[in-house]
Amino acid sequence: MASQDFDIDSLAAYLHLAPQQVARMADRGKLPGRKVSGNWRFTEAEIHHWLEDRIGLSYEEQLVQVESVLDRRNGPQDEVVSLAKMLPLEAIAVPLQARTRGSVIGQMCELAAQTGLLWDAERMAQAVRERENLHPTALDIGVALLHPRRSMSNLLAEPFLALGRTYQGIPFGGAHGGLTDIFFLILSTDDRGHLRMLARLSRLLGDSTTLEGLRCCDDPASTRDWIALREAELFGGS
């Protein structure tokens, strides 16, 4: 679907907010937009980047709201995001044999390419490096959510995830200097799909039991089984 511009009313409908609230947010610089002939306009790409930033800073209740916005936008015909189904066994490395930030990015992209679903590991790695240089994706919980700044559908057969875990934490640019040992690579074919994956993954990783279990899994099969179990327990069919 081609990118589009929103006005106040259409963006309010998209975000499930009142038009007056959207206008106030724009006037206060809390939404990325520009005025054209005195009227606010917002590009779809900029709104997606804004939502991505909100996902990274949100708590469970806010993440549920973001997911509901994205699900309404996609429509009832779209399947519920299942992280376990989007995680091929060939795209899981436990342990990931990387010791530096650069080698993590390279090895994660090579791991993803082993599935045959990513056609150019080096181009993807370069895009991920550029995204990390712009703003690191490492979270305070020891997890990094790697991804390029924009979806790269020309390199992908379909959207999917890759997962690597190092046995020792690696400095990865987190805000408070903590170490990172769990690395997800999010590979999506469109911006809305990327946001849906990111929101669901953020909700899953916000659960401490999930993280503890991931750090105890010692092979790809048990890792994916654990994610599937936690998805079922936390989200059910939603």
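**Chatting about strands and sheets**

Me: How many bridges join strand β6 (residues 160-171) to β7?
Reply: Eight bridges link β6 and β7, and the two strands run antiparallel. Strands here are DSSP runs of E with at least two residues, helices are runs of H or I with at least four, and both are numbered from the N terminus. Two strands count as paired if DSSP finds at least two bridges between them.

Me: Hang on, what kind of model is this?
Reply: It's a predicted model, where local features need pLDDT of at least 70 and side-chain atom pairs count only at pLDDT 80 or more, while totals for chains, interfaces and linings use all residues. Residues are numbered from 1 along each chain as its sequence is written, and side-chain values use heavy atoms, leaving out hydrogens and water.

Me: Cool. Back to the strands: which residue is the bridge partner of proline 171 in β7?
Reply: That's leucine 179.

Me: And what order do the strands of that four-stranded sheet come in?
Reply: The order is β4-β6-β7-β5, in an open sheet with mixed pairing. β4 (92-93) and β5 (143-146) are the edge strands; each has a single partner, so one side of each has no neighbour in the sheet.

Me: Which helix lies across β4, β5, β6 and β7?
Reply: Helix α5, residues 101-113, does, and α5 runs at about 150° to β6. For that angle, axes are lines fitted to C-alpha atoms (for helices, over the stretch in contact), and values run from 0 to 180 degrees between N-to-C directions.

Me: I clicked on threonine 180. Where is it?
Reply: Threonine 180 is in strand β7, which covers residues 179-187.

Me: Buried or exposed?
Reply: Threonine 180 is buried, because its relative accessibility is 1%. Buried means under 20% relative accessible area, exposed means over 50%, and partly exposed is in between (1.4 Å probe, protein chains only).

Me: What does threonine 180 touch?
Reply: Leaving aside residues up to four places away in sequence, threonine 180 touches Ala138, Gly142, Val143, Ala144, Thr166, Gln168, Gly169, Ile170 and Phe172. Contact means heavy atoms within 4.5 Å.

Me: New topic! What about the sheet of three strands?
Reply: That open sheet has the order β1-β3-β2, with antiparallel pairing. Its edge strands, β1 (5-6) and β2 (34-36), each pair on one side only.

Me: How many bridges do β1 and β3 pair over?
Reply: Two, in the antiparallel sense, with β3 spanning residues 39-43. Look for phenylalanine 6: its bridge partner in β3 is phenylalanine 42.
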